[in-house]
Amino acid sequence: MKYPEVLLIDDEPIVGQRLKGGLEKMGCGVEVCQDPVKALDRIKEKVFDIIITDVMMPEISGIQVLEASRSANNGVKVIVITGFATSALARECMEKGAFDMIAKPFKPSDLRALVLRAAGELGFTELK
């Protein structure tokens, strides 16, 4: 059985630590990246099915990650997480091809539900 490869990008280490285990329990392969510059290199090296990215990060924004992800792999599902959810940001993310956006603070179960939906659209039906 193939499982979805997930890249989680957030400059706050606690976010990656909190979310990685839950995503792995669902059956995802998870890489966590705190440095968005390194994350862009990773996106060029490896095909990810789902990318979860924070918006506000030093050097590179989640919007830039979204654009780079979509140009590297048009089929990737990008979920944007942000502490600054505005309708303008949501609209920009959706126009640039984000799968969805979730506002911080969120419950890990809410993010898992989004990942499940994204994985389902990609044909991964065996996640829990």
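What percentage of the 128 residues of the protein chain count as buried? The share is 47%. The legends below walk through this predicted model, view by view.

**View 1. The whole chain, with 5 helices and 5 strands.** Let us start with the overall layout. Reading along the sequence of the protein chain, you meet the pattern β-α-β-α-β-α-β-α-β-α. The radius of gyration is 13 Å, close to the 14 Å that the globule rule gives for 128 residues, so the protein chain is as compact as a globular protein of that length. Its C-alpha atoms fill a box of roughly 35 × 30 × 25 Å along the principal axes. Among contacts in the protein chain with a separation of 6 or more, 63% are made by residues 24 or more positions apart.

**View 2. The surface and charges of the protein chain.** Here we look at the outside. The accessible surface comes to about 6500 Å², and 52% of it belongs to carbon and sulfur atoms. The protein chain carries 17 positive and 19 negative side chains. The centres of these two sets lie 4 Å apart.

**View 3. The largest nonpolar core, a set of 22 residues.** In soluble globular proteins, nonpolar side chains tend to be buried together. In this core, the residues that touch the most other members are L23, I50, I52, I79, L111 and V115. Two or more residues come from each of β1 (5–9), α1 (13–26), β3 (50–54), β4 and α5 (108–121). Helix α5 gives the largest share, 5 residues. There is also a second, separate core of 21 residues, and L7, I60, V78 and V80 are included in it.

**View 4. I79 in strand β4.** Strand β4 spans residues 77–82. With 0% relative accessibility, I79 is below the 20% cut-off and therefore counts as buried. Leaving out residues up to four places away in sequence, the residues that I79 touches include I50, I51, I52 and T53, as well as F99, D100 and I102. L111, L114 and V115 are touched by I79 too. For a sense of distance, V37 is 42 residues from I79 along the chain, and their C-alpha atoms are separated by 18 Å.

**View 5. I50 and its surroundings in strand β3.** I50 is buried, with a relative accessible area of 0%. Setting aside neighbours within four places in sequence, I50 is in contact with P4, E5, V6 and L7, among others. Its contacts also include V76, K77 and I79, along with V115, A118, A119 and L122. I50 and R117 are 67 residues apart along the chain, while their C-alpha atoms are separated by 11 Å.

**View 6. I52 and T53, and what they touch.** Not counting residues up to four places away in sequence, I52 touches V6, L7, L8, I9 and L23, and also I79, I81, L111 and V115. T53 has its place in strand β3. At 0% relative accessibility, T53 counts as buried. With the same sequence neighbours left out, T53 touches I9, G62, V65, V78, I79, V80 and I81.

**View 7. G21 in helix α1.** Is this glycine buried or partly exposed? G21 has a relative accessibility of 31%, so G21 counts as partly exposed. P36 is 15 residues from G21 along the chain, and the C-alpha atoms of the two are separated by 21 Å.

**View 8. Backbone features at E59 and P105.** Most residues other than glycine have a negative phi, and most peptide bonds are trans. E59 has a positive phi, near 75 degrees. This residue is found in the loop between β3 and α3 (62–72). Its relative accessibility is 70%, so E59 counts as exposed. Turning to P105, a cis peptide bond joins K104 to P105, with omega about -5 degrees. P105 has its place in the loop between β5 (100–103) and α5.

**View 9. T86 in the loop between β4 and α4 (87–95).** T86 has a relative accessible area of 42% and is partly exposed. How many residues separate T86 and A103 in sequence? They are 17 residues apart in sequence, and 9.2 Å apart in space, C-alpha to C-alpha.

Methods. Residues are numbered from 1 along each chain as its sequence is written. This is a predicted model: local features need pLDDT of at least 70, side-chain atom pairs count only at pLDDT 80 or more; totals for chains, interfaces and linings use all residues. Side-chain values use heavy atoms; hydrogens and water are left out. Helices (H or I, at least four residues) and strands (E, at least two) are DSSP runs, numbered from the N terminus. The radius of gyration is taken over C-alpha atoms; the globule rule is 2.2 Å times the number of residues to the power 0.38. Buried means under 20% relative accessible area, exposed over 50%, partly exposed in between (1.4 Å probe, protein chains only). Contact means heavy atoms within 4.5 Å. Accessible areas come from the Shrake-Rupley method with a 1.4 Å probe; for residues, only the protein chains shown count as cover. Lys and Arg count as positive and Asp and Glu as negative; His and the chain ends are not counted. The place of a charge is taken as NZ of Lys, CZ of Arg, CG of Asp or CD of Glu. A nonpolar core is a set of buried Ala, Val, Leu, Ile, Met, Phe, Trp, Tyr and Cys residues joined through side-chain atoms within 4.5 Å.
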